[in-house]
Amino acid sequence: MALKKEKNPDKQSLGSARKGRRVWKVLLWLFVLGLAGILFVGGAVFGYVSAIVKDDPVRSRTAIEEQISNSNVTGFVYFRDGTPIGQLLSEGDRRPVDYKEIPSIVIDAVLAIEDNHFYEHIGVDMKGTLRAVKERLLNESVQTGGSTLTQQLARRVFLNLDRTDNRKVKEMLLALRLERFLSKEEIITAYLNKVPFGNGSSGYNVYGIKAAARGIFGITDLKKLNIAECAYLAGLPQLPSAYSAFNGKGNFNEDAFKRAIKRQQLVLQRMLEENKITQAQYEEALAFDIKGALAPKAKKAYENYPYLMFETERQGAQIIAMLNNPTLKKSDLSKKENSQLLQDARQQLMTGGYQIYTTIDKKVYAAMHKVSDNPDNFSPTSKAKGLEQVAGIMIDHKTGAILGMIEGRDFYTEEMNYATQMVRQPGSTMKPIAAYLPALEEGLIQPASIIDDSPVILRNYHIPVNSSGGYKGLVTARTALNESRNIPALKLFNDKVGIEKAWAFAKKLGITTIQDEDYQAQTGVLGGLRYGVTVEELTNAYGSIANAGVFNDSYMIEKIVDPKGNVVYQHTPEPKRVFSKQTAYLMTDMLRTVISESGSTGHSIASDFKKYGQIPAVGKTGTTQNYADVWFEGYTPDVTLGIWIGYTEQVNTLTSDGKKRARKIWAKVMNEVTSSVPERFTTTSFKKPDGIVKKTVSGFSGLLPTALTQQAGKLNTDIFNVKYVPTKSDNVLVRAKYVTYNGVNYIPREGTPNDMVREKIVMRRDKPIKELIDDLQKAFSKMRGGHRDISYYIPRDAREDAPTKVDPRQDDGQAPSSPSNVSISASGGKATISFAKNGEKDVVGYRLYRSVNGSAFKHTESLLTGEGTKFGVSSASGSGYSYYVTAVDVAGKESAPSAVVSVDGSGTSAAPGTPDSKDPTGSGASLGDSTAPSTPEGLHGKLSDTGVVLTWSSNASDEMITGYNIYFSSNDGNYTLVGTSRTPKYEYSAATISGYFRVSAVSALGESGLSPSIRVEKS
């Protein structure tokens, strides 16, 4: 029988142990394999993520906080009264807001639609992410982005906006980091400051909740938003372009608005589901008229005020550049090497959220543009020339603040600001700045000073002319300025003041465009500069005159405030006294008569400016060659206004109406501004400073008058700076005998008969006329171009010139021939005897002989060569008159009589006849037989308020008296000629008189003896 084997307990234990070890090995391997799988997958994910973010920096807390807080902020520009002009040009409207300014209902609306787990997650919402993955994989009709609000912020601040998986990973990692460093309040505030909300009613893109409320609903205080409006705004950031109720021009977009309303309804539903609003609030919000609450369309500031906005940009950037670089001066900014600094400053200005407060008065600006915007005020647009342009600027000269501008007529035709950037030739408006003002300040002239308006020969034999033609001779400084005569200004500029001092003076008045070449330009004071001046700078220079000699540099930006309310720039006035109050007052008074005096260049202002006479106004005209530019610079006690008219291209000249345009526009602007802003014109007069006195001076020299000055009757009364009242007496007058030949007075030759010689008071010029003619003839011979006849260049008062040279005519040894072509015409008791000029070179003049009713011929009148070829005489009715003419040469030889011409008692002319050659007078009488007039009788004096009135008996009519001479002596000894009179009456003016008077009669035959004296005492 077989035996059963017993089981070995030790062996059984060993088997169990081995089995357990195998299980554990399997488990271990499974763990190892699982761990390896996890590590592999983790490594792959890590590698994938690392590959995505390898180029992204690891951002520190500081870097994140800086970038989150660093936002482009919209800047705004304001008028002087604080009303807005508009926002600075940028890609959108950005207005940052603090957390405490955001109502909770706004936050509730945003979180309800964008991230309802915002306060629970750590930056990434895995549930939301998985939901978004599922929706994408299943291609569901409604897909959510799955991004938390923190992720959206991270994407907008740190990443681009492409919808890629790579970007998703990056934003998730960044969101985790943002949540680590920022509080929930900081995150929601940053989000609501940075996300876009579409277009506002002006067409600008609006960024941030505050800009959205302002741009879409016109609400500036977020607390005034209702639930419906909050829900509407909260729905926009998902697709702002699709939901924007306004397009880029600010026009209403119906389709987009309907989409936005559907989105708003979804937001309200989510808010209800999240218990953020009640059912009643939900229904009320749905019923609210959102369309009716939308802001009305608003034009962008760059549409309403394009010139002004760009000028603010330009000047604001200059200020920011100088704030950033304190060593820079304004003049340095135009240098090429600083262009980048200026560009960076402009970018800072446009994106830094600055509030820029200008000096521009809204009413003044509007009034000025009312004139410039009216095409009827200008010439029609020319196809060849383009638009007739205008520039103007009005300055408060007491501060330098620019109140208004006309920058041009069409920004879209020419973007340049003609008032501040254009440089053009100033014409005669430069005369007060570079000639009269510095001359007055140095005491070189006063308004009554005499300047010789006679030709000057400049470099290269250039002979300037006056725009009005011809040369007037001795004129006062006031008259020269009134009539804008070029030659007096040139003489002041070149000879009295000097070019270097003149330009130094102009620079003190803010003219910065003077070039080195201008110091060689002898006609610079007439506007002949290398480049010219700007309207702003020239007007500013005139403002210093209006401001009693104190210069305030013009400015347009009052202050700049940063987004935190800090004033980063405040204009600081720097008034500088550049000339005396007395000089300013004298200049102002001279510019006053430029308008007030008839015949002055600015006289039309007196009729065109409606309040002229009520509001004091003075000014100066200016024109350039061929009328390419015309100006008027004028001021009142309160404002200075400069106007320029011309075309963009300087080769184009103005029409005949355009030549007067600057004065017309100046008056029209003043009419509008004084009507719109009367409170700006409160000062009723220019204040007269101490040290201004009135004085009567000689009209020949500007010095104190003498008896000869009074006799000549040319006195001027005007105002003076008391420091420069003349103390010397007139020294240019002299009584002299002379003959006139070719327009020049000469010393008579010894043989010249007395009746061929004139005697009167004449003046000694700085440059005698004969010397001037010699210089002109030399210049003519060396000129490259042509010139006018020399007679054009002779001053109108040349006959008043004292002779300095002997008559150049030489006796040819023969008596002259008889004058030919003698004729007579009679009418109304007057007869005119005409004849032909003799051909001999030595003829000094002509004599007229008369016979009455057949009586002997007597010499009655004489004419000097150059005084014409006509005698005018009286012919009483009832008598018959016969006449003939003779010619006389420099040696006194007289020709035979001409043919006789007659007029009968009825005034009828008779045919010429021939006198008896042996006895031309018919009685043997001759000129030598004639005698001087008899001495006047019956001299009597009667005191008057102003002096003494002298009267005496007339001489007999047959003595042919041409006038009477009046003499005075303080001791009845040496008598001085003090006056002449054509009648037997003369008024001698003087405050006090103590002396003796005598009178003589004068005819063609000479002067009588002196009458008995009479004594006159007046105290």
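Start by selecting Y307 and F411: both residues are buried. You are looking at a predicted model, so keep that in mind at every stop. The two ring centres lie 5.2 Å apart with the planes at 90°, so this pair is edge-to-face. Now colour the chain around them: Y307 belongs to helix α15 (residues 306-324), while F411 sits in the loop between β8 (401-406) and α18 (430-441), 104 residues away.

**More rings**

The pair you just saw is part of a bigger tally, as the model holds 30 aromatic pairs. Select F217, Y232, F252 and F257 next, and you will find a cluster linked by ring pairs. Then show K184 together with F118: the charged end of the lysine sits over the ring, 4.4 Å from its centre. A similar stop is K659, which lies over the face of Y627 at 4.7 Å from the ring centre.

**Strand β7**

Select residues 389-396, which make up strand β7. Is this strand enclosed or open to the outside? Eight of its eight residues are buried, so β7 is largely enclosed by the rest of the structure. Side chains in a regular strand alternate between the two faces of the sheet. Try colouring the two faces separately: Q389, A391, I393 and I395 are on one side, and V390, G392, M394 and D396 are on the other. Both faces are covered.

Now add the neighbours of β7. Strand β17 (residues 640-646) pairs with it in the antiparallel sense over seven bridges. Strand β8 also runs antiparallel to β7, joined by five bridges. I393 is a handy residue to centre on: its bridge partner in β17 is G642, and in β8 it stands opposite M405. Follow the chain from β7 into β8 and you pass through a hairpin with four residues between the strands. Stop there at G400, which takes a positive phi near 95°.

**Salt bridges**

Side chains of opposite charge can pair when their charged atoms come close. The count for this model comes to 35 salt bridges, and a few make good stops.

Select R424 and D629, whose closest N and O atoms are 2.9 Å apart. R424 lies in the loop between β8 and α18 and D629 in strand β16 (residues 629-635), so the salt bridge ties together parts 205 residues apart in sequence. How buried is each partner by relative accessible area? R424 is buried at 3%, and D629 is buried at 2%.

Move on to D589 and R478, which meet in a salt bridge at 2.7 Å, N to O. This one joins helix α23 (residues 581-596) to helix α19 (residues 477-482), so parts 111 residues apart in sequence are tied together. Both partners are buried.

For another setting, pick E800 and K760, with 3.2 Å from N to O. E800 is in the loop between α28 (790-793) and β23 (823-827), and K760 is in strand β22, 40 residues apart. Here E800 is partly exposed at 28% relative accessible area, and K760 is partly exposed at 22%. To see a network of salt bridges, select D453, K472, E483 and R485.

**Last stops**

Switch to a surface view and pick I122, L173 and L176, which make a nonpolar patch of about 260 Å². L176 is in helix α6 (residues 165-181) and is partly exposed, with a relative accessible area of 35%.

Finish at P768, in the loop between β22 (758-763) and α27 (769-782). P768 is buried, at 15% relative accessible area. Its C-alpha is 7.6 Å from that of A802, 34 residues away in sequence.

Notes. Residues are numbered from 1 along each chain as its sequence is written. This is a predicted model: local features need pLDDT of at least 70, side-chain atom pairs count only at pLDDT 80 or more; totals for chains, interfaces and linings use all residues. Side-chain values use heavy atoms; hydrogens and water are left out. Rings of Phe, Tyr and Trp (its six-membered ring) pair if their centres lie within 6.5 Å; planes under 30 degrees apart count as stacked, over 60 as edge-to-face and the rest as tilted. Buried means under 20% relative accessible area, exposed over 50%, partly exposed in between (1.4 Å probe, protein chains only). A charge sits over a ring if NZ of Lys or CZ of Arg is within 6 Å of the ring centre and within 35 degrees of the ring normal. Two strands pair if DSSP finds at least two bridges between them. Patches are made of residues with over 30% relative accessible area and no salt bridge: like charges are joined within 9 Å, nonpolar side chains (Val, Leu, Ile, Met, Phe, Trp, Tyr) within 5 Å. Accessible areas come from the Shrake-Rupley method with a 1.4 Å probe; for residues, only the protein chains shown count as cover. A salt bridge is a side-chain nitrogen of Lys or Arg within 4 Å of a carboxyl oxygen of Asp or Glu.
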